[in-house]
Amino acid sequence: MRFCTITCCLLSLLTVISAEFSAEDCRELGLIKSQLFCSSCSSLSDYGLIELKEHCLECCQKDTASDSKLKVYPSAVLEVCTCKFGAYPQIQAFVKSDRPAKFPNLTIKYVRGLDPIVKLMDEQGTVRETLSITKWNTDTVQEFFETRLAKVEDDDYLKTNRV
């Protein structure tokens, strides 16, 4: 009888030790379980956030070979509200600059009252991913589009020289 009690205690202890946090637990810690990859946890110590590493490893998804290659989309829509530009000056700087012109497959859509988001579309124009970009800076937005939007080939190389 005593052996069974000890075995049950050890099994329950192992279950607790090996259990991952739920999505709600991770959200309470400020982590988004569905978007957090374990490779990101290793860089926390570079920023003096070593105390978060243990929780990060409990909330992360294992990296796989397919995850290392980012999905590239043929088009995207950046949805913003001009009335909220004051709250998001980095997004305003991106939209008002010449940077969006570098991405012919990017559409900027003005939607009243909306926080800035990016919608990534497939070939049929169906939204495949929606991302909040409220915390992004201008360079991050540009780098994101450079890596996640398909390059558009322009056959008419004299297009910029038209009068």
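This is a short tour of one sheet, one residue within it and the helices that lie across it, in a model that is predicted.

Begin by selecting residues 75-80, which make up strand E1, and then add the other strands of the sheet, which is open and has four strands in the order E2-E1-E3-E4, with mixed pairing. At the edges you will find strand E2, residues 106-110, and strand E4, residues 127-132, each of which pairs on one side only. If you look along the sheet, neighbouring strands are turned by 20° against each other on average, when direction is ignored.

Next, keep E1 and E2 in view, since strands of a sheet pair through backbone hydrogen bonds, either parallel or antiparallel. E1 and E2 run parallel and are joined by five bridges, and within this pair you can select Leu78, which stands opposite Ile108 in E2.

Now select Glu79, also in strand E1: is this residue buried or exposed? Glu79 counts as buried because its relative accessible area is 7%, which is under the 20% cut-off. Show its side chain together with that of Lys119, and you will see the two joined by a polar contact of 3.3 Å. Leaving aside neighbours within four places in sequence, the residues in contact with Glu79 also include Lys109, Val111, Leu114 and Ile117.

Finally, turn to the helices, beginning with helix H6, residues 89-96, which lies across E1 and E2 and runs at about 125° to E1. Helix H7, residues 138-148, lies across E1, E2, E3 and E4, and runs at about 5° to E3, the strand of residues 117-121.

Notes. Residues numbered from 1 in each chain as written. Predicted model: local features only at pLDDT ≥ 70, side-chain atom pairs only at ≥ 80, totals over all residues. Heavy atoms only, no water. Helix = DSSP H or I, 4+ residues; strand = E, 2+ residues; numbered from the N terminus. Buried < 20%, exposed > 50% of the residue type's maximum accessible area, 1.4 Å probe, protein only. Polar contact = N/O pair within 3.5 Å; in protein donor to acceptor, adjacent residues only side chain to side chain. Contact = heavy atoms within 4.5 Å. Pairing = 2+ DSSP bridges. Axes fitted to C-alpha atoms, helices over the stretch in contact; angles between N-to-C directions.
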